[in-house]
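I wanted to go through this chain from its overall make-up to its cores and one of its sheets, and to note each thing as I looked it up.

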Amino acid sequence: MPTKDKSGPRCAAIVGPYLSGKTSLLESILFAAGAVNRKGTIKEGNTVSDSSPEAQKRQMSVELSVANFDYLDDQWAFIDCPGSIELSQEAINALMVVDIAIVVCEPDASKALAVSPLLIFLESNAIPHVIFINKMDITTSSVRETLEALQGVSGRPLVLREIPIRDGEGITGHVDLVSERAFNWNAHKPSDLIQLPDTVTDREQQARTEMLETIADFDDDLLEQLLEDVTPSSDTVYDNLSNDLRQDLIVPVFFGSAENDNGIVRLLKVLRHETPGVDSVIERLGLSSAAQPVTAQVFKSVYAGHTGKLTFARVLSGDVSDGMALNGTRVSGLYSNLGAKQNKISKAPVGSVAAFGRMDEIMTGTVLSEAGTLTAENWPEPLKPLFSMAIHAAERADEVKLSGALHKLMEEDPSLSIESNHDTGEMLLWGQGEMHLLISLARLKSAYNMEISSHRPQVPYKETIRKPVSQHARHKKQSGGHGQFGDVHIDIKPMTRGAGFQFNDTITGGVVPKNYIPAVEHGVKDYLKRGPLGFPVVDVSVTLTDGQFHAVDSSDMAFKAAAQMAMREGMPSCNPVLLEPICLVQISVPNEFTSKIQRLVSGRRGQILGFDAKTGWNNWDEVSVQLPQSEMHGLIIDLRSSTQGVGSFEWSYDHLQEFTGKPADQVVAAKADAAH
Ligand SMILES: Nc1nc2c(ncn2[C@@H]2O[C@H](COP(=O)(O)OP(=O)(O)O)[C@@H](O)[C@H]2O)c(=O)[nH]1
Ligand SMILES: [Mg+2]
C-alpha cells in the first residue's frame, strides 16, 4: 500500500446525473464511517443531505450539502451535489474546491451520455475523478457494457479496478484487481473475504491485464515489465494508479449499491489512499503564486433564516479561526456541517470545509485572506441564462421586498439573474430551465413568505414602415381666452434596418419658429412609442418641411399636438410592418443528435448557419442558428428532450427582421385585444 497524504482534511464531491443515487451514496458512506447511527432514506426524507423543504417536497437534491466526518484517522468533507442539469451551477462551484470527484452513474449503458457534460467539465479542469456505478443490486446489464458506453463519453481512459462475482443474474461480490482478493457482499453489513471463485479466474486475469496495460501507457518502466512478463509489485501498481488519478490521466471505475451498502468501504479505502491534498486545488484555482498565510475559497452562500448568511469555504492555507477578519469582514461564527446539523467550531484547519457566519458582503467565488487581495483566476463564470419567466409579486405591497429577496436568491445561486425589460415593462427571472425557476420561486415562498405570479415573457416586437408619406396636420382650438395653434408638414420615410430614428427640419424663413421645432420632435417621438400596429416604431426618419404659426395662440404644446396628429394620420398609410427580434444561438449537442437539431430549428422558423465539431469536446458539435426570439422560450426544454438531457446553447440578440403573414397578424391582433 502506498503511504497516504497526511496534509489535513480532504474533500470529495459526489456528482452525477439526477437519481443515480448520490444522496443515497453519501448516506451509505456516513453510515459506513459511523457518522450516523441509522441510515436515512430518500423516501422517508430523512437523509443527512436534502434537508431543505424544496428538496423534501421533490425528493431530490436542490442544493449542495456538506457532510464533515472522520473515517479511520482521516477527516473528510463530502459535498453532495444536485444532479439535475438545471442545477449544475452548484456542482460546478463545488468541484472547483474539491480534491476528488465521485461520479455516480446508473448501471445502464443507455444512460451513459448523461454524464458527458460533467466529464467534460472535470477533464477541462483536470479534476481527479473516479466513477462509481451504483444500483448493482437491481441491474441486469453487464459492467462491461456500461463501462464501454461510459468510455465513449470519457476523454480519459477508464480503468476498471474490480470485477463482479455473479450468481445467475445477481451480483454477489467483487474481486479487487490489484490485490486480487475476492469479497462476498452482505446487505448492510461488511463484506466477507472469500477464496477467488474458479468461475472468475479467467475474467479476473483478463481484466487485470487490461488495467495494467492502461496504466503502463503512462509509465515506461511498468510497460517494460509487462513486455517481459514480469509481475509488477503491488506497490508499483498502487503508485501508478494514484499518480495517474492525481494527474487526471485515468479514471478508476468502481461499482456497488448505495441501497445495500455494498462496495462502500471499498470506495472509502481507495479515497483514503489515493485522494490528493489541497495543494492541487490551489493550483487549479490559479492561486499558486499568490501564497498568503490564511486563504479560503468561497463556493457557496446561503441565507439560513435566523442564523443569517452562511458562507461556505474551503480553507486552502493556514487556519481560519472564529472572529478573524478576512477581506475586511469578521467571521462571526464558524461551523462544521453534517447536512443541516451545524457544530460550532473555533478553528477550521487547512483542507477543511466550514461555514463562516455573517460575512454579508462576501460573494461566492471570492478568495478570502487577511489582506483580501486575492482572486482565483480560474473561478468559472456563472452559467449563461437559458430560460425566463416574467414575474411579479402577487401582492403589490411585496414589490420592494421582492427585489431584496431576489438579490439574496441570486447570491445563493449565481446561475439565476434578473432583467428589467425596458420594452415590455416586465421583470424577467432567468435561469437554467423551467424546474430551476420553479424551485427558486418555491424558495421565495418558503424563505420569504412571498407569493409570486409568473407568466411567459412577452416578445419585444417592434414595427417599422415600408413607404414614405408626406402629411399635413393642424392643431387648432378656440376655447375661451387663449387659443391653441400649430400647423406642420412632415415627410415620414423608412430607414435601413438598425438605423433607429432621425429627426430633421428644412424650415426656412421662420414659418415654424426655431423655438417650437423641439416640440415637434417631441410629439413625433411620443407617437413612435406605439405605432399603428401597437408596437414601438423604429427605423424611420421624420422631416419637418413646412408649417404655420400664430403669434398669440402657438405654443410648444400646440406644436407637439400637431406633430402627433400628423404622425397618427400619416403612419397608417406608410405600409407598416411588424419587426421581430432574431437571436443568434450556438447549440451544443453530441454529434449523434446534430441531424435532429435541423428539424428542431426549422420547426421553430429558424435557420441553420452552419455547424462544426466543438473544440475540446469529444464527439460534440456546435450548430450556429438564427432563431426568432418568440421561438426561444422553451427551446432548452425541447433541446434537452431530444438529446437525452445534455444539449445546451448560448445565445445573444442579433437583429430585427420583418415579420409578416398569419402569425404576425395574430401578434398584432393579440396586442390590439390586450389594449382594450
Ligand atoms: N436499487 C437501488 N436503488 C437506489 C440505489 N441508490 C439509490 N437508489 C434509489 O434511487 C433513487 C434516487 O436516489 P438519490 O440518492 O436521491 O439519487 P440522487 O439524485 O443521485 O441524489 C432513490 O429512490 C433511491 O432509493 C441503489 O444502490 N440501489
Ligand atoms: Mg441527491
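The entries below follow the order in which I looked.

**Ground rules.** I am working from a predicted model, in which local features need pLDDT of at least 70 and side-chain atom pairs count only at pLDDT 80 or more, while totals for chains, interfaces and linings use all residues. I number residues from 1 along each chain as its sequence is written, and chains are lettered from A and ligands numbered from 1 in the order in which they are written.

**Overall.** I find 17 helices and 34 strands in the protein chain, where helices (H or I, at least four residues) and strands (E, at least two) are DSSP runs numbered from the N terminus. The C-alpha atoms fill a box of roughly 110 × 55 × 50 Å along the principal axes. Of the 676 residues, 44% count as buried, that is, with 20 or more other C-beta atoms within 10 Å of their own, the C-beta atoms being placed from the backbone.

**Cores.** I next looked up the largest nonpolar core, meaning a set of buried Ala, Val, Leu, Ile, Met, Phe, Trp, Tyr and Cys residues joined through C-beta atoms within 7 Å. It has 110 residues, and those touching the most other members are Ala 12, Ala 13, Ile 14, Leu 95, Ala 101 and Phe 132. Strand β4 (residues 100-105) gives the most to this core, with six residues. Both domain 1 (10-280) and domain 2 (294-369) contribute residues, so this core lies between them; the domain bounds come from an automatic or database domain assignment. I also noted a second, separate core of 33 residues, which includes Phe 387, Ile 452, Phe 593 and Val 625.

**Helix α4.** In α4 (residues 116-124) I list Ser 116, Pro 117, Leu 118, Leu 119, Ile 120 and Leu 122 as the buried residues. Their cover includes β1 (10-15), α3 (88-95), β4, β5 (129-133), α5 (143-153) and β31 (576-590), judged by contacts, which require C-beta atoms placed from the backbone to lie within 7 Å. After α4 comes Ala 126, with a positive phi near 50 degrees.

**A four-stranded sheet.** I then traced an open sheet with the order β7-β8-β9-β10 and antiparallel pairing, where two strands pair if DSSP finds at least two bridges between them. Its edge strands, each pairing on one side only, are β7 (162-167) and β10 (189-194). Within the sheet, three bridges join β8 (residues 170-176) to β9 (residues 182-186), and His 174 has Phe 183 in β9 as its bridge partner.

Note on methods
Buried ≥ 20, exposed ≤ 12 C-beta atoms within 10 Å, placed from the backbone. Contact = placed C-beta atoms within 7 Å.
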